Amino acid sequence: MQPTPDFDPGMLAKSLLRRSRQGALATLMAGSGDPYCSLVNLASHPDGSPILLISGLAVHTRNIMADSRVSLMLDQRAAGDPLEGARIMLSGRAEQADAEKDLLQRRYLNAHPSAEVFVSFKDFSFVRIQPTAAHLVAGFGRIVDLKPGQFLTDLSGAEELLASEEGAVEHMNADHRDTMGLYATKLLGAVEGDWRCTGCDPEGLDMQDGQTALRLDFPERVTDGTALRKMLVRLAGEARAKTK
């Protein structure tokens, strides 16, 4: 089926990747190859690919060690009939990412602060799912297959922004929580809450209140700290203008 003209499947897929905090992970049973599915918590890499924190005692971890091929389903958790909400099925490989451990840990703990109590346990490790394809279902006439380039964020040329991300997140949470609230309520139509920043990338800002996550897309791509500051000031001005 082809998407309707007013439908942007890539943007919806990106939004689901950024806002999802839980998903159904399908792996292949070691030895038999039988399908196995489990519920997992997740966060997102700056490019949008899922980050998982898994225990060596879990069946899905043993499966991944034997065969890294996985599938992950994320859904919109809409009220009413769950099948009326958008959902995306990712296929790919779950890879140990030791070189990026600090980045993965920081972004995962921003999304799941309670994991701090066991993240340092020796039997826990981070994996990043490297997607090879996605199948998006978002209603009648809105079913489409996507390639990674259509739903992952291009990080090329954004090295300076990524290097400054940790400081930017800390600054927003320490000094601009009121602004985060304005972004959420005035620009994204969310209810008032304790909104905090969990990450940023060239295409947008991620924020969260409890387990409710939002995505604030930037109108233009940003690749360094200066451009990020200007963008956040611009969006704050737009949000304040809506309060008048």
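**Exercise 1. Determine how many of the eleven residues of helix α1 are buried, and find which residue caps its N-terminal end.**

Solution. Helix α1, which spans residues 9-19, is mostly covered, since nine of its eleven residues are buried. The model under study is a predicted one, and in it the buried residues of α1 are P9, G10, L12, A13, K14, S15, L16, L17 and R18. Turning next to the N-terminal end of α1, we find that D8 caps it, with a side-chain oxygen that lies 3.3 Å from the backbone nitrogen of G10.

**Exercise 2. Classify the ring pair of Y108 and F126 from the distance between its centres and the angle between its planes.**

Solution. A search of the whole structure finds three aromatic pairs. In the pair of Y108 and F126 the ring centres are 5.7 Å apart and the planes stand at 70 degrees, so the pair is edge-to-face, given that planes over 60 degrees apart count as such. The next step is to place the two residues: Y108 belongs to helix α3 (residues 101-111) and F126 to strand β7 (residues 124-137), so that the pair links distant parts of the chain, 18 residues apart. As for exposure, Y108 is buried with a relative accessible area of 4%, and F126 is buried as well, with a value of 6%. Elsewhere, F118, F121 and F124 form one aromatic cluster.

**Exercise 3. Decide whether R128 is buried or exposed, and then find which side chains make polar contacts with its side chain.**

Solution. R128 is found in strand β7. Its relative accessible area is 10%, and because buried means under 20%, R128 is buried. The side chain of R128 makes a polar contact of 3.3 Å with the side chain of H45, and a further polar contact, of 2.6 Å, joins the side chains of R128 and D47. If residues up to four places away in sequence are not counted, the residues that R128 touches include S49, P50, R93, A94, E95, E100 and L104.

**Exercise 4. Describe how β7 and β8 are joined, and which side chains of β8 point to the buried face.**

Solution. Strands β7 and β8 run antiparallel and are joined by four bridges; V137, for example, has I143 in β8 as its bridge partner. The two strands form a hairpin with five residues between them, and in the turn G139 has a positive phi of about 115 degrees. Along β8 (residues 143-146) the side chains alternate, with V144 and L146 pointing to one face, where they are buried, while I143 and D145 point to the other and are not buried.

Definitions and conventions
Residues numbered from 1 in each chain as written. Predicted model: local features only at pLDDT ≥ 70, side-chain atom pairs only at ≥ 80, totals over all residues. Heavy atoms only, no water. Phe/Tyr/Trp six-rings, centres within 6.5 Å; stacked < 30°, edge-to-face > 60°. Buried < 20%, exposed > 50% of the residue type's maximum accessible area, 1.4 Å probe, protein only. Pairing = 2+ DSSP bridges. Polar contact = N/O pair within 3.5 Å; in protein donor to acceptor, adjacent residues only side chain to side chain. Contact = heavy atoms within 4.5 Å.
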